[in-house]
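Please find below a colleague's note on the complex, set out as numbered points. It begins with the contact between the protein chains and then turns to the DNA.

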There are 2 protein chains.
Amino acid sequence: MQEHEHDRCEEQCIHPEVIESVRREMLGAVPADELAQLFKVLGDNTRIRILDALFRSELCVCDLTTLLGMNQSAVSHQLRVLRDARIVKSKKQGKNVLYSLDDEHISELVRMGSEHVRELRR
Amino acid sequence: MQEHEHDRCEEQCIHPEVIESVRREMLGAVPADELAQLFKVLGDNTRIRILDALFRSELCVCDLTTLLGMNQSAVSHQLRVLRDARIVKSKKQGKNVLYSLDDEHISELVRMGSEHVRELRR
DNA sequence: TTTATATATGAACAACCATTCATATGATAA
DNA sequence: TTATCATATGAATGGTTGTTCATATATAAA
């Protein structure tokens, strides 16, 4: 068992009431985890490019492979991550599988994120 | 040099014009990278909880350490990641360093993400 | 049936990342 | 000055993750 008394700031920091009020309002462990998981899925260059492409049009894996200029296997693996997160959906059409965005929240998130990034550049 | 002809679907997939039009509209490599980087920073449980806490109130490192119930060093390392991404800002006050959100876009992103996660749960 | 095409997936590997430990820096108090 | 407190940081480490390769599955055409 370890003593952590020295890890805590007693009177030097902001008053304990602030800490308590923040603690009451804070996100629970589960929602925070799910939120972080959502952003983690969005936090990859390949997946962002896939979503950006699907935002313009429904596309099959082969189209995405061409557009991204990368391995078909890599694209499929990332599509699976997006499918598992219910960010994209797929439907079979003959030999192909057509992918599209599953949720309008996601395009909004990408739009807002882009705006933020653009403003940071100024 | 490798032949990738067999990686491309010729006539079976969606027409080439669709691919061309999507290619013209798509995000450039640099914006896509920056966007993915932003989401990557948001895609961590500890950092989300830090942002959620700072959304409620300006706090010092010590307060955050108490609120998150984790190592001071770990909190400081994550604060650095958030500072580098210009998501939080800091100001010195005596022995303490007070952190706060640097941008209102971020709280909007967190709010929208939370909403999405909540709806997925239904 | 056999052949070709589109997609999915498991395993392996390299690169990345969050945390911990130890220590350094910087500020206040004595 | 010295001692103490709050924060920052470098190095090491264990765990995660994106890509590649090889292969499996599934559909369509011959």
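How many residue pairs are in polar contact across the interface of chain A and chain B?

1. Basis of the note. This is a predicted model, in which local features need pLDDT of at least 70 and side-chain atom pairs count only at pLDDT 80 or more, whereas totals for chains, interfaces and linings use all residues. Residues are numbered from 1 along each chain as its sequence is written, chains are lettered from A and ligands numbered from 1 in the order in which they are written, and side-chain values use heavy atoms, with hydrogens and water left out.

2. Polar contacts between the chains. The rule finds nine residue pairs in polar contact across the interface of chain A and chain B, both residues being at pLDDT 80 or more; a polar contact is a pair of N or O atoms within 3.5 Å, and within protein one must be able to donate a hydrogen and the other to accept it, while residues adjacent in sequence count only if both atoms are side-chain atoms. On the side of chain A that touches chain B, helix 6 of chain A gives the most, with 13 residues, and by class that side has 31 nonpolar, 11 polar and 20 charged residues. Helices (H or I, at least four residues) and strands (E, at least two) are DSSP runs numbered from the N terminus; Ala, Val, Leu, Ile, Met, Phe, Trp, Tyr, Cys and Pro count as nonpolar, Asp, Glu, Lys and Arg as charged, and the others, Gly among them, as polar.

3. Extent of the interface. In terms of contact (heavy atoms within 4.5 Å), 62 residues of chain A meet 61 residues of chain B. The two chains bury about 5700 Å² between them, 68% of it on carbon and sulfur atoms, where buried area is the accessible area (1.4 Å probe) that two parts lose on being put together, summed over both. In chain A, the residues that lose the most area to chain B are A:Phe39, A:His105 and A:His116, together 11% of what that side buries.

4. Symmetry. A turn of 180° with a shift of 0.0 Å along the axis lays chain A on chain B with an RMSD of 0.0 Å, which is the relation of a two-fold axis; the copies are superposed by least squares on the C-alpha atoms of residues with pLDDT of at least 70 in both. Because 98% of the interface residues of chain A are also interface residues in chain B, the copies meet through the same surface.

5. Salt bridges. With a salt bridge taken as a side-chain nitrogen of Lys or Arg within 4 Å of a carboxyl oxygen of Asp or Glu, the count comes to 14 over all chains, and two are between chain A and chain B. One of the pairs joins B:Glu34 to A:Arg121, with the closest N and O atoms 3.2 Å apart. Within chain A, the side chains of A:Arg23 and A:Glu20 meet in a salt bridge at 3.3 Å, N to O; these residues are separated by about one helical turn, because they are three residues apart in helix 1 of chain A.

6. DNA strand C. This strand is surrounded by 28 residues, the closest being A:Cys62, A:Ser73, A:Tyr99, B:Thr46 and B:Ser73, where a residue is near a strand if one of its heavy atoms lies within 4 Å of it. Base nitrogens of DNA strand C are approached by side-chain N or O atoms of A:Gln72, at 2.9 Å, and of B:Ser73, at 2.6 Å, while a polar side-chain atom of B:His77 lies 3.2 Å from a base oxygen. Helix 5 of chain A supplies the largest share of the surface near DNA strand C, six residues.

7. DNA strand D. Around DNA strand D there are 27 residues, which divide into eight nonpolar, 12 polar and seven charged. Of the atoms of DNA strand D within 4 Å of the protein, 65% belong to sugar or phosphate and the rest to bases. Polar backbone atoms lie 2.8 Å from a phosphate oxygen in the case of B:Cys62 and 3.3 Å from a phosphate oxygen in the case of B:Val97, whereas A:His77 places a polar side-chain atom 3.2 Å from a base oxygen of DNA strand D. Helix 5 of chain B gives the most to this surface, with five residues.
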